[in-house]
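Trainee: I would like to go through this structure step by step. Please show it to me first.

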Amino acid sequence: MYLPDSTFDVLVVGAGPAGLAAAAALLRHRVHCRIVDRNPYPTPGTRCPNLWRRTLHTLDQIGADTDVLRENSVPMRAKVFTVGDRTVSIPTTPETGSEAGYDGDWPMPLLVSQEIQERALAEHLYRSGCPVERDTTALVTGQDDEYVHVLLRPGGRVDEYVRARYVVAADGEDSGVREQMGVEWSTHEHYDVAWWQIDARVEGLALGPEQEHLYHTPDQHLGIVPLAGGGHRLFTASTRVPPGTEPGPEDVERLAREISGSDLRLRETAGLWSRTPRSGLAARWTKGRVVLLGESARVFPMPVHALNTGIQDAANLAWKLAAELRERTDGSLLRTYETERRAVAKTVIDRGHLVLRLGVTPVPQERIGAGLDARAPRLRTEPEVTYPGSPLSRWASEGSITPGDWVGSARVETALGPETVDRLQGDGRWLVLLPPGADPRLRHSFTGHPLHPRVISDAALDTGGPDDGRVMCGLRGGPRVCLLTPENTPN
């Protein structure tokens with residue numbers, strides 16, 4: 001027998017960045033959810049500090065205290081590549097592509113300890129009445145057409161049977177929920193590559209402020225990233241290190257000296273971590289009403305990608321789950337989550353393998369030099385977020401924006417003056433922009449729609465692209481309107 005408060009919309013299993021972001025985004029869309037995690041305490045440490053601009057925008061949208069992120073961060077203004085006797089600095093702020101044209105809120109990536117990122121999200125959830133329920137294991141016992149049935153086992157307390165309309169499994173690479181659902185998991189490992197990383201204060205090597213420094217020598221590379229408080233994250237990849245070597249701080253220091261050609265010294269070391277780079281991909285991301293998210297769905301060969309992509313996965317999933325819950329549809333909208341984000345994951349995995357091998361190439365001056373000559377080395381292996389293969393994109397007309405492009409800070413000309421997409425979508429609703437001259441009856445056609453979109457008449461989206469920047473998308477072959485999802489993307 002289920003008590004009334006034991007039946008709710010979504011159970012999120014796992015309180016890492018992806019799970020926390022999913023819960024926060026679901027709350028923004030007014031979805032009743034709970035979030036549990038098997039660990040009794042949050043994981044401490046810097047772990048992944050890189051927050052790219054689209055991720056920062058997403059965190060801002062879903063309610064994380066971005067002032068805390070700014071106060072505890074270092075901006076990353078440039079990447080400085082050293083290959084042989086050549087050193088080239090490349091700004092991190094792109095001039096073209098889907099990330100160009102961001103407003104002043106997030107002009108560049110930030111480096112923030114993951115511990116602080118997660119705390120900002122967890123505190124937002126607590127203030128919103130959805131605290132992380134820790135030391136709690138979730139066991140999926142079955143599902144039917146309406147609910148997933150779950151046994152929650154909190155440490156030291158009485159077991160609880162609950163049922164949720166959906167379960168979001170964000171419980172990591174060794175996902176218990178994925179195993180319970182019998183979803184196949186395939187992996188690929190780089191057994192010959194040793195990946196080490198450590199946090200430390202670096203002495204004896206001149207490092208520019210607010211810059212990531214990358215050194216490439218035959219068969220290995222070194223990265224040094226600034227952290228708040230004056231320390232740095234160091235990461236190395238090498239095929240010269242015997243496989244399976246468990247390093248100490250002195251081993252990382254010795255390898256960093258060798259690659260950088262300097263007499264650097266590491267002080268106040270912490271967070272030493274090593275692994276064999278590998279990728280993993282689930283055969284499917286949904287099974288009935290159970291949805292995989294983050295590292296339970298995929299793992300990337302380069303660890304830096306998991307956090308940013310996971311938060312963006314969560315944003316994509318949340319508004320679709322909210323729409324499905326409101327409309328009680330056949331699940332077709334939710335299926336586009338896997339269509340869109342799995343394609344992103346596969347691209348990141350493929351690029352991650354290529355960039356990892358490039359980092360340990362025996363001929364770095366030959367392989368990396370061309371990119372330095374053009375001042376265009378790949379700063380990120382994550383792709384720009386577009387969804388050309390999604391069913392949601394097939395009615396879009398050609399223009400200066402593509403379905404999936406972020407347009408949050410784009411200017412919208414309205415009858416009452418200029419606005420931005422972000423301001424018009426402050427409550428997380430879908431946004432419909434009707435161009436000047438549109439049939440007035442079109443506005444009324446959205447009255448009573450289960451998604452409750454905000455409809456703005458006499459509006460034009462200005463992305464600074466061709467055709468005077470005025471871009472309209474076709475809606476299912478009908479009137480030319482611009483339909484913006486709560487992810488701030490056009491469809």
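Mentor: Begin with a term: two strands pair if DSSP finds at least two bridges between them. Keep in mind that the model is predicted.

Trainee: Which residue in β16 does A194 stand opposite?

Mentor: Strand β13 covers residues 194–203, and seven bridges join β13 to β16. The two strands run antiparallel. The residue opposite A194 is S238.

Trainee: Which residue in β16 does L222 stand opposite?

Mentor: L222 belongs to the stretch of strand β15, residues 220–226. Seven bridges join β15 to β16, and the pair runs antiparallel. Opposite L222 in β16 stands T236.

Trainee: Which residue in the turn of the hairpin formed by β15 and β16 has a positive phi?

Mentor: The hairpin leaves five residues between β15 and β16. One residue in that turn has a phi of about 95°. That residue is G229.

Trainee: How many residues of strand β16 are buried?

Mentor: Take the two faces of β16 in turn. On one side H232, L234, T236 and S238 are buried; on the other, R233, F235 and A237 are buried. β16 is therefore largely enclosed by the rest of the structure, and its buried count is seven of the seven residues.

Trainee: How many residues of helix α1 are buried?

Mentor: Helix α1 has twelve residues, 17–28, and among those buried are P17, L20, L26 and R28. The cover over them includes β1, β2, α2, α4, β8 and α7. Because of the burial, α1 is largely enclosed by the rest of the structure. The number is eleven of the twelve.

Trainee: How far does α1 reach from its first C-alpha to its last?

Mentor: The expected span is 1.5 Å times one less than the number of residues. For the twelve residues of α1 that gives 16 Å, and the model comes close to it. The reach of α1 is 16 Å.

Trainee: Which residue just after α1 takes a positive phi?

Mentor: Helix α1 covers residues 17–28. Just after the helix, one residue has a phi of about 60°. This residue is R30.

Trainee: How many disulfides does a search of the whole structure find?

Mentor: A disulfide needs two cysteine sulfur atoms within 2.5 Å. For C33, the nearest cysteine sulfur is that of C130, 4.0 Å away, and C33 is in no disulfide. The search of the whole structure finds zero.

Trainee: Is C33 buried or exposed?

Mentor: The cut-off for buried is under 20% relative accessible area. C33 has 6% relative accessibility. C33 therefore counts as buried.

Trainee: Which helix gives the largest share of the largest nonpolar core?

Mentor: This core has 75 residues, and V10, L11, I35, V150 and L293 touch the most other members. The largest share is nine residues. It comes from residues 305–327, which is helix α7.

Trainee: What does a second, separate core include?

Mentor: This second core is separate and has 19 residues. Its members include V88, W195, L356 and L372.

Trainee: Is E338 buried or exposed?

Mentor: E338 lies in helix α8, residues 332–359. Leaving aside neighbours within four places in sequence, E338 is in contact with A283, R284, W285, T286 and A343. At 17% relative accessibility, E338 counts as buried.

Trainee: How far apart in space are M76 and V225, C-alpha to C-alpha?

Mentor: M76 is found in the loop between β4 and β5, and with a relative accessible area of 1% it is buried. M76 and V225 are 149 residues apart in sequence. In space, their C-alpha atoms are apart by 8.5 Å.

Trainee: Which strands are the edge strands of the open sheet of three strands?

Mentor: The order in this sheet is β3-β7-β4, with antiparallel pairing. Three bridges join β4 to β7, and S73 stands opposite V112 in β7. Each edge strand pairs on one side only, and the edges are β3 and β4.

Trainee: What percentage of the residues in the chain is buried?

Mentor: The chain has eleven helices and 29 strands. Its length is 491 residues. The buried residues make up 57%.

Notes. Residues numbered from 1 in each chain as written. Predicted model: local features only at pLDDT ≥ 70, side-chain atom pairs only at ≥ 80, totals over all residues. Heavy atoms only, no water. Buried < 20%, exposed > 50% of the residue type's maximum accessible area, 1.4 Å probe, protein only. Helix = DSSP H or I, 4+ residues; strand = E, 2+ residues; numbered from the N terminus. Core = buried A, V, L, I, M, F, W, Y, C linked by side-chain atoms within 4.5 Å. Contact = heavy atoms within 4.5 Å.
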